[in-house]
Amino acid sequence: MSGKLAPRVACFATQGSGHGDEVRIRELLADLDPELLPFDRGRRLGSSAGLLGRILRRRPDLVVMEGTGIGGGLALIAARLLAGVPYVVSSGDAVGPYIGLGHPWAAPLAGLYERLLCRFSAGFIGWSPYLVGRALTFGAPRAMTAAGWSHPVGGLDRAARRRALGIPADAVVFGLVGSLRWNDAVGYCYGLELVRAALAAERADLRVLVVGDGSGLPRLRELAARSAGRVILTGRVPKEEVGSHLAALDVASLPQSVDRVGSFRYTTKISEYLGAGLPVVTGEIPLAYDLDDGWLWRLPGAAPWDPHYLTALADLMRSVTAEELATRRAAVPRDLPAFDRTRQRRAVAEFVTDLLGGG
């Protein structure tokens, strides 16, 4: 970029101003000093119109959208058609299948929207290489992967956190950190597989730790009441305490369905689990083969609510030994390039610059 003006890049997140997605895209584009555009997810129609107006008035060289919300996407498509303003989409989900999971009637329309969003874009940034391939197939002219990274967090050490939670020092602890939003279509939220499997395992030194909040938490609490204290549900915890809660675990759960929703994902939690040095249990999704060097357990079954998956998880909880846990933990990679923040920032800056003809 020597001797040339830096591109004027704007960005926003369809989940709304202040959301973690906004933090992600701002950080990814930090080397380009992007202008952050406001977006209010609670008033999609007004935000979409306001976003389009800002883009048409300011005419940035490129707009980058984190997420695939229809309000933001339609504004970008309109700005592209009306004024030729190019845009890039950054996404962690396959739109059509994801919408169809909760609203099957909307799947065809969501799929059409996803194809149009890719077709009219200048490029696509996928959270996984599988989403990159999907976007290219749907017509995105250029694409790259930026898988996310873990954020350094402080807090108590493992022993102190376990004492605070009432977990014995020698317990075997399975758990996860995440949003516990209930999905009526499949009767599931993150963590449900852990609670159900723990009840079936009936192991005295087993504990399950689920950290997070959401509409599924009351259902988990109702089920956990039968666990005689072996299931701990913390609700939401301060961000600075997430690290110490991860330190209290022996095994992290990464529940994903083996379909066109879960199979495309690198969830945001994988980098956090790796940063905490935790072995992971998950399903037979592409990630579980592509990244595994002996630190993953792959369980059969179509989804974490599948009886085959639950039975296999209960068997693992019942049989896993301290020696096996130590072996898996020792195999956890400490520095996977795919989850390096500096590398991703540099790659995204080069991607955008090349798209604008400045490479």
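## From a buried threonine to the parallel sheet and its loops

Thr-68 counts as buried, because its relative accessibility is 18% and the cut-off for buried is under 20%. This is a predicted model. Thr-68 sits in the loop between β3 (62-66) and α3 (70-83). What is Thr-68 in contact with, leaving aside its neighbours within four places in sequence? The partners are Thr-14, Val-89, Ser-91, Val-95, Tyr-113 and Leu-117. Two of these, Val-89 and Ser-91, fall within the residue range of strand β4 (residues 87-91).

That leads to the sheet. The sheet is open and has six strands. Their order is β2-β1-β3-β4-β5-β6, and the pairing is parallel. The edge strands are β2 and β6, since each pairs on one side only. Helix α15 (residues 341-355) packs on this sheet. Helix α15 touches β1 (9-13), β3, β4, β5 and β6. Its direction makes about 170 degrees with that of β5.

Now take β5 itself, residues 123-126. In a regular strand the side chains alternate between the two faces of the sheet. Here Gly-123 and Ile-125 point one way from β5. Phe-124 and Gly-126 point the other way. Are these residues buried or exposed? All are buried.

Strand β5 has a partner on each side in the sheet order, β4 and β6. Four bridges join β4 to β5, and the two strands run parallel. In this pairing Val-88 stands opposite Gly-123. Val-89 stands opposite Phe-124. Val-89 is also one of the contacts of Thr-68, so the loop residue from the opening ties back to this part of the sheet.

How many bridges join β5 to strand β6 (residues 143-145)? Three do, and these strands run parallel as well. Gly-126 stands opposite Thr-145 in β6. The path from β5 to β6 includes helix α6 (residues 129-137). Together β5, α6 and β6 make a β-α-β unit, and this unit is right-handed.

Next, a loop with a well-connected side chain. Tyr-190 lies between β7 (172-177) and α8 (192-201). Tyr-190 counts as partly exposed, because its relative accessibility is 27%. Leaving aside neighbours within four places in sequence, Tyr-190 is in contact with Leu-176, Ser-179, Leu-180, Leu-220, Pro-255, Gln-256 and Arg-265. Two of these contacts have a polar part. The side chains of Tyr-190 and Gln-256 are joined by a polar contact of 3.2 Å. The side chain of Tyr-190 also makes a polar contact of 3.5 Å with the side chain of Arg-265. Pro-255 shows how the chain comes back to this loop. Tyr-190 and Pro-255 are 65 residues apart in sequence, yet their C-alpha atoms are 7.0 Å apart in space.

Two more loop residues deserve a look for their backbone. Which sign does phi have at Asp-33? Phi is positive there, at about 50 degrees, although Asp-33 is not a glycine. Asp-33 is found in the loop between α1 (20-28) and β2 (35-36). With a relative accessible area of 67%, Asp-33 is exposed. Ala-228 also has a positive phi, about 55 degrees, and is not a glycine. Ala-228 lies in the loop between α9 (217-224) and β9 (231-235). Ala-228 is exposed, with a relative accessible area of 74%.

Definitions and conventions: Residues are numbered from 1 along each chain as its sequence is written. This is a predicted model: local features need pLDDT of at least 70, side-chain atom pairs count only at pLDDT 80 or more; totals for chains, interfaces and linings use all residues. Side-chain values use heavy atoms; hydrogens and water are left out. Buried means under 20% relative accessible area, exposed over 50%, partly exposed in between (1.4 Å probe, protein chains only). Two strands pair if DSSP finds at least two bridges between them. A crossover is right-handed if, with the strands pointing away from the viewer, the path from the first strand over the helix to the second runs clockwise. Contact means heavy atoms within 4.5 Å. A polar contact is a pair of N or O atoms within 3.5 Å; within protein, one must be able to donate a hydrogen and the other to accept it, and residues adjacent in sequence count only if both atoms are side-chain atoms. Axes are lines fitted to C-alpha atoms, for helices over the stretch in contact, and angles run from 0 to 180 degrees between N-to-C directions.
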